[in-house]
Each structure stands twice: as structure tokens, then as C-alpha cells.
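Thank you all for making time this morning. I would like to walk you through one structure, going slowly from one region to the next, so please have the picture in front of you.

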Amino acid sequence: MIYLDYQATTPVAPEVAETMKPWIEGKFANPHSPSRWGREAAAAIEVARKQVTQAIGLDGGNVAFTGSATEALNWAIKGSMEKAQKGRNRIVTVATEHAAVLDTCEWLGGSGYDVTRLPVGLDGRLNLDQLRQALDESVALVAVMLVNNEIGVIQPIAEVAALAHDAGALMLCDAVQGLGRVLIPNGADLIAVSAHKIHGPKGIGALWMREGAEPSPLIHGGGQEMGIRSGTLSPMTCAGFGEAAKLASERRDADREHVQQLWNAALDELGPDWIVNGSLDDRYHGNLNIRREGLDATRLISDLRDIAFSLGSACASGSGRPSHVLRAIGLTDREARSSIRLGFGRYTTEEELVSAVRRIGAAANAQQGLAA
Ligand code: PLP
């Protein structure tokens, strides 16, 4: 298989698997127990917390581990709204956010909160003037992602955070696709990240919180994680996340150069029949979301079963609905259904990417009755 679905998930780094092994094989103590073994596990979790904090790269703040970034985003949104001052009952977000943000906002919308979903331009970028106009003293939270999971477009997080703060609101950044790939700009009060997008294990995410911006608890219980996110932590997944974060920090430049080389090679091979969806420049280049006139993307995926790639997004792929992100950048249903997403990164070789792109081109030609 040639794996080109790095936005859905990434292969676990060998170093991460090695780090996790002792914690599943023999070291099973509860990290919240006072025994020597419990304290050893707790210490390993604190090392991991530091590694994740360093990869996020901002001064101050605290990291709480969660079961996923979806949980971190639910917690940040629901817990911030619960804590918001009286009269501040509005959330401002963007049409191209992940379902973990949009569906949480929609749920709150049905419980008496107001939600403003800002549009994006054809390039997928948020218009800061529109954001400024949407902000007033009724807004408690502004939620904008760093790197889009479907089209890789990068939003101006520092500017968004400054505008949110001018209006007296908090700013939440979904940095799931940004961590380890682009620098996380300063400014956000809450940042959600996930291990499995940076070559770590599934089933663990984290919420970085600026001091004073901690949301009310979403999960109540034993009072773990500073008393605001209960539940016994898994030393295995925490240690895996920590190692993945450490590698991401150490390899950031090398990974970025490698991805840039892959992007150039893929674009060269694709040729002029394909159009890139979203901005070319304000973009993480490990995400190549492309379309071709008249293509049946679903059929293409089933024609090429040994290449793992995606329709607009992993979530939209199974639903049969055209991606909300591709619709938001102005694509018609037909154009959205002619789009595929190729995601690549640290372990992708140029040779396999070019060979996959060549086969994708040939299969598209065959589908459209053109000579290969
Ligand atoms: N936000 C973005 C941008 C994502 O790409 C994803 C995963 O697809 C999530 C949030 C949810 O992350 P998790 O899988 O850790 O729940």
C-alpha cells in the first residue's frame, strides 16, 4: 500500500512504539497511586506533558491530556461558554472548521447560545474585516483552526486572537493539523492538539490553556489533571504522545523540507489537468487537495485500492455528502465530488508519491475515456 492519507492519521513512529512498549508490557501501575510504581508512571506522564508543551512552543500555560482532540475541543467550547460572563453568549467560528468544533457549536446553538459562522474566500482564508465586524461585547469565544484538515489552508491565528481579545473574548485554536508542521503563533488562549496526527498513538489529545483561561470541567470524577479533567491517565499513550511531540520538535525543519520536496514532485507529475483547491501559498504543503473536471473521485478511490487517499476529508468520505469545506470555498457539488486529497509526510518517499500520482492520473484518464 502507498499511504497518502496523512491528514486522517499518521503512521506511528518506531521511536514512539518503543517508548510505549514497557507501559503495556509490565508497567501497569495507576499513575495516580502513591506507590513507587505509581510515582514512576506519574513521572513519565510529567515528562510527556513537558514534551507536548515544548512542541506547542508557547510561553506559560498548562497542558491537560484528554482522550482525543475532539474531547479537547468539546471541553474548550462548552467549558468556556459555561464560564463566560453574563451577557456573553455568542461564539464566532468559521465555516471550514472541523466537525468537532462546528457540531459542538451547533449543539450549543440548540441550548440558547448564539453561533456566528463566518464564510471564507475562494482561497479558504478568513477575512479579518468580516471577523472584526462580527465581534462585539456579546462574544465569549472565537474558534478558528490553524491548518485546515481538508485543504491545508493556514488561518492568521495571531491576528484573529488579537481581534478576539480586543472584543474581550477568548480565542480557541484547533492546532491538530498544525502541531509539528507549522509554528503555532502566539495569541490563542486555548489550543487543541492530537497525538495520532504527529506519528503518536490514537486515543490521546491535549488542551493547552493559558493561565486564567481554563474552561469549566467537561468530565467530572477523581479530580485528575489539575482537577478539571477527571479520569485515570494512560502512561502508555501519554508517553507515546510525548515521544511523538519530541520527535516533531527535533525534526520540524527536516520534515518541512521533505514535505516541500514531495509537494514540488507531486505538482510536477500532476500537470495542468488538475486544479489545487484552496490557497497555494497560505498552506501546509503536505496537503494536496486537487480536482479534475468531470472526475468521479469515489470511483477513482475504488479503482486504486492499493493507494490510500481520501475524498475531501476522512469524515466526509463515508457520508456521501460533499465536503462542507469544499462547498465553503465556492466549489459546486460536482466539483467537490471531483476532488481528492493526497496527504503525505515524514515517511513518504518521493518515488512512491510520484508513482501513486502517475497511477492516479492514468486511472483518471481511463475513467474519462482518454489515452493514458
Ligand atoms: N481537528 C482537526 C483539524 C482534525 O483534523 C481532527 C482529526 O481528524 C480533529 C480535530 C479531531 O482529532 P481526534 O481524532 O484526536 O479526535
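Let me begin inside a single helix, α2, where E46 and R49 both lie, 3 residues apart, which is about one turn of the helix. Helices here are DSSP runs of H or I with at least four residues, strands are runs of E with at least two, and both are numbered from the N terminus. Before I go further, I should say that this is a predicted model, in which local features need pLDDT of at least 70 and side-chain atom pairs count only at pLDDT 80 or more, while totals for chains, interfaces and linings use all residues. Residues are numbered from 1 along each chain as its sequence is written, and side-chain values use heavy atoms, with hydrogens and water left out.

Coming back to our pair, E46 forms a salt bridge with R49, and the closest N and O atoms are 2.8 Å apart; by a salt bridge I mean a side-chain nitrogen of Lys or Arg within 4 Å of a carboxyl oxygen of Asp or Glu. The two partners can also be described by their accessibility, where buried means under 20% relative accessible area, exposed means over 50%, and partly exposed is in between, computed with a 1.4 Å probe on protein chains only. E46, at 41%, counts as partly exposed, whereas R49 is buried, with a relative accessible area of 14%.

The structure holds 19 salt bridges, and another of them is formed by E40 with K27, whose closest N and O atoms are 2.6 Å apart. E40 lies in helix α2 (residues 36-56) and K27 in the loop between α1 (14-25) and α2, so this pair ties together parts that are 13 residues apart in sequence. E40 is partly exposed at 35%, and K27 is partly exposed at 33%.

A further example sits in helix α7, where the side chains of D253 and R256 meet in a salt bridge, at 3.2 Å from N to O. Being 3 residues apart in that helix, D253 and R256 are separated by about one helical turn. D253 is partly exposed, with a relative accessibility of 45%, and R256 is partly exposed too, at 44%. Salt bridges that share partners also join E46, R49 and E225 into one network.

Let us stay with α7 and look at what comes before it in the chain. Is R229, in the loop between β8 (205-209) and α7, buried or exposed? With a relative accessibility of 11%, R229 counts as buried. Its side chain makes a polar contact of 2.7 Å with the side chain of E71; a polar contact is a pair of N or O atoms within 3.5 Å, and within protein one must be able to donate a hydrogen and the other to accept it, with residues adjacent in sequence counting only if both atoms are side-chain atoms. Leaving out residues up to four places away in sequence, R229 touches F65, T66, G67, E71, W75, I219 and Q224, where contact means heavy atoms within 4.5 Å.

Next comes a sheet. It is an open one of 3 strands in the order β9-β10-β12, with antiparallel pairing, and two strands pair if DSSP finds at least two bridges between them. The edge strands, each pairing on one side only, are β9 (275-276) and β12 (339-343). Strand β10 (residues 287-291) runs antiparallel to β12 and is joined to that strand by 5 bridges, and R291 stands opposite S339 in β12.

In helix α11 (residues 333-337) we find R334, which is exposed, with a relative accessible area of 57%. R334 and L295 are 39 residues apart in sequence but 8.8 Å apart in space, C-alpha to C-alpha. Apart from neighbours within four places in sequence, R334 is in contact with E293 and G294.

Finally, there is the ligand. Which of the 13 residues around the ligand come nearest? They are T70, D174, Q177, S194 and K197, where a residue counts as near if one of its heavy atoms lies within 4 Å. An oxygen atom of the ligand is 2.6 Å from an N or O atom in the side chain of T70. For S194, a polar side-chain atom lies 2.7 Å from an oxygen atom of the ligand, and for K197, an N or O atom of the side chain is 2.7 Å from a ligand oxygen.
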